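Take a look at the sequence and the model below. Then read on for a short tour of where protein meets DNA, and of one strand inside the protein.

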Protein chains: 2
Amino acid sequence: MNTPIIVAIVEDKDDIRQSLAILVNGADGFVCKQTYVNAEDALDDLTRYPVDVVLMDIDLPGMNGIECVRLLKPRHPDMQFMMCTIYDEEEKVFEALKAGANSFILKRSSPARLLDAIRELHDGGSPMSSSIARKVVGSFFNVPAPAEAERNTELDVLTPREREILGRLSKGYSHKEVADELFVSPTTVRKHIFNIYEKLQVHTKVAAVNKYLGRV
Amino acid sequence: MNTPIIVAIVEDKDDIRQSLAILVNGADGFVCKQTYVNAEDALDDLTRYPVDVVLMDIDLPGMNGIECVRLLKPRHPDMQFMMCTIYDEEEKVFEALKAGANSFILKRSSPARLLDAIRELHDGGSPMSSSIARKVVGSFFNVPAPAEAERNTELDVLTPREREILGRLSKGYSHKEVADELFVSPTTVRKHIFNIYEKLQVHTKVAAVNKYLGRV
DNA sequence: AGCTCAATACCTCATTTGTATGATTTTTTC
DNA sequence: GAAAAAATCATACAAATGAGGTATTGAGCT
């Protein structure tokens, strides 16, 4: 390794901060000489002496980690911020990303994964714990978030064919359009739809589609 | 051991497809019995026989992988799609995620990383190669709420009354039910709905509701 | 004072849809 | 191989819907 990646750590809990520092310093290609127990100290010091990567705890006494990033990022756009948190709270994730954080990982990640992540971050990537990535992807693109295992079990009572038809109804297709696309008679489609209504306990397309898209 | 994760592979190149299948089947807790050389076959078969996780190549002959996801995802919201690609092209990433893809990894990922990713995906995460995550994060605050802004402008052409009525349609109400609730005649409601259709350029309730709920 | 637009309301017509009943053929499952 | 489930199609009727046009009222703007 030629020049090592210079890392700073902002974390109020002594044991975690020291473990992280030991981990980073013990690994080849990484150096951590700057650690801070609060955001105010970090802000002051990192403004003057920037580093490559900052591991930033979110929940800090006084100013929180997100606010600290918001202030530091504009001053040193090249400095990469990796938010470290215990919980993948949705709001915090977005707030942090908007503030300019580049990466977001859960503290329960393995040491090896953490070091990988630091390197990826330094190389221009945005490593994220996958559960956090799900939130980002889901909300940003308005994708129906299935996530939970206990989602619409109601739809399980539908047959594959019924789901197929319902999928097309959800796009605003008429009976006839569905029939044409599936190469069956409109009567058949209507029969299927009728069966779907019975199973889902609804009486209109919109209501059925709402259930289908989990909008109930 | 618990139930294995059922995986399907859509990939036109024989060697890659077979390697992937061997990798998946060779690992503990994974099973892959369904592989497809094109999107059309996958679409047809997976509609009827859904699996847990689909590894989807983007560049396929005929229909591409993104289009395939767009069609399959609404039918089986629980099915998880992992896009596999060689390049991290920005547009494709967004397009795929908007289409409903849950995960996005580069083909050069290691076998171990791939298997990890499949498991994380199945557990509700959205594993992404960090270079791809960077693009997602980047656009996150570059373009402040693009989807919402776009959706809103479309709905802005509607009058408050029209939005009120559309909101009730989105709950599956009939003309008459809306009329009763708003204390106006059904004819009026129909006129409003007609105007809404004209403004939103649609011809059915479901299509209008889709626009209203930003599911276009 | 004149203009525009939203909201209200009615009429007509053709089409779509929801409901019901019944039947045949595949496919799945036991 | 029999039973159950799914998919197919037909006919029929009443209600809901989509597409046109027309008209009155009141609010807001110039």
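## A term to start with

A polar contact is a pair of N or O atoms within 3.5 Å. Keep that cut-off in mind for Thr188(A), where a polar side-chain atom lies 2.9 Å from a phosphate oxygen of DNA strand D. The model is predicted.

## Around DNA strand D

Which residues come nearest to DNA strand D? There are 17 residues around this strand, and the nearest are Thr159(A), Arg161(A), Ser185(A), Arg190(B) and Lys205(B). By class, the surface near DNA strand D holds three nonpolar, nine polar and five charged residues. Two helices each supply at least two of its residues: α9 (186-200) of chain A and α10 (186-200) of chain B.

Now turn to the DNA side. Of the atoms of DNA strand D within 4 Å of the protein, 61% belong to sugar or phosphate. The rest belong to bases. Ser185(A) uses its backbone: a polar backbone atom is 2.7 Å from a phosphate oxygen of the strand. His203(B) uses its side chain, with a polar atom 2.8 Å from a phosphate oxygen of DNA strand D.

## Around DNA strand C

How many residues lie around DNA strand C? The number is 18. Arg190(A), Lys205(A), Thr159(B), Arg161(B) and Ser185(B) come nearest. The surface near this strand divides into four nonpolar, nine polar and five charged residues. Of the atoms of DNA strand C within 4 Å of the protein, 63% are in sugar or phosphate, and the rest are in bases.

Three side chains reach phosphate oxygens of DNA strand C. For His203(A), a polar side-chain atom lies 2.8 Å away from such an oxygen. For Thr188(B), an N or O atom of the side chain is at 3.0 Å. For Thr187(B), the distance from a polar side-chain atom is 3.4 Å. The elements giving two or more residues to this surface are α9 of chain A and α10 of chain B.

## A covered strand in chain A

Next comes strand β3 of chain A, residues 53-57. Is β3(A) mostly covered or exposed? It is mostly covered, with five of its five residues buried. Both faces are covered. Val53(A), Leu55(A) and Asp57(A) are buried on one side, and Val54(A) and Met56(A) are buried on the other.

β3(A) has two pairing partners to look at. Strand β1 of chain A, residues 5-10, runs parallel to β3(A) and is joined to it by four bridges. In that pair, Val7(A) has Val53(A) as its bridge partner. Strand β4 of chain A, residues 80-85, also runs parallel to β3(A), and five bridges join the two. Here Val54(A) stands opposite Phe81(A). From β3(A) the chain passes through helix α3, residues 65-75, to reach β4(A). This β-α-β crossover is right-handed.

## Cysteines

A disulfide is a covalent bond between the sulfur atoms of two cysteines. How many disulfides does a search of the whole structure find? The count over all chains is zero.

Two cysteines of chain B can be placed by their accessibility. A residue is buried if its relative accessible area is under 20%. Cys32(B) has 6% relative accessibility, so Cys32(B) counts as buried. Cys68(B) has 0%, so Cys68(B) counts as buried too.

Key
Residues numbered from 1 in each chain as written. Chains lettered and ligands numbered in written order. Predicted model: local features only at pLDDT ≥ 70, side-chain atom pairs only at ≥ 80, totals over all residues. Heavy atoms only, no water. Near = heavy atom within 4 Å. Polar contact = N/O pair within 3.5 Å; in protein donor to acceptor, adjacent residues only side chain to side chain. Nonpolar A, V, L, I, M, F, W, Y, C, P; charged D, E, K, R; others polar. Buried < 20%, exposed > 50% of the residue type's maximum accessible area, 1.4 Å probe, protein only. Pairing = 2+ DSSP bridges. Right-handed = clockwise from strand over helix to strand, strands pointing away. Disulfide = S-S within 2.5 Å.
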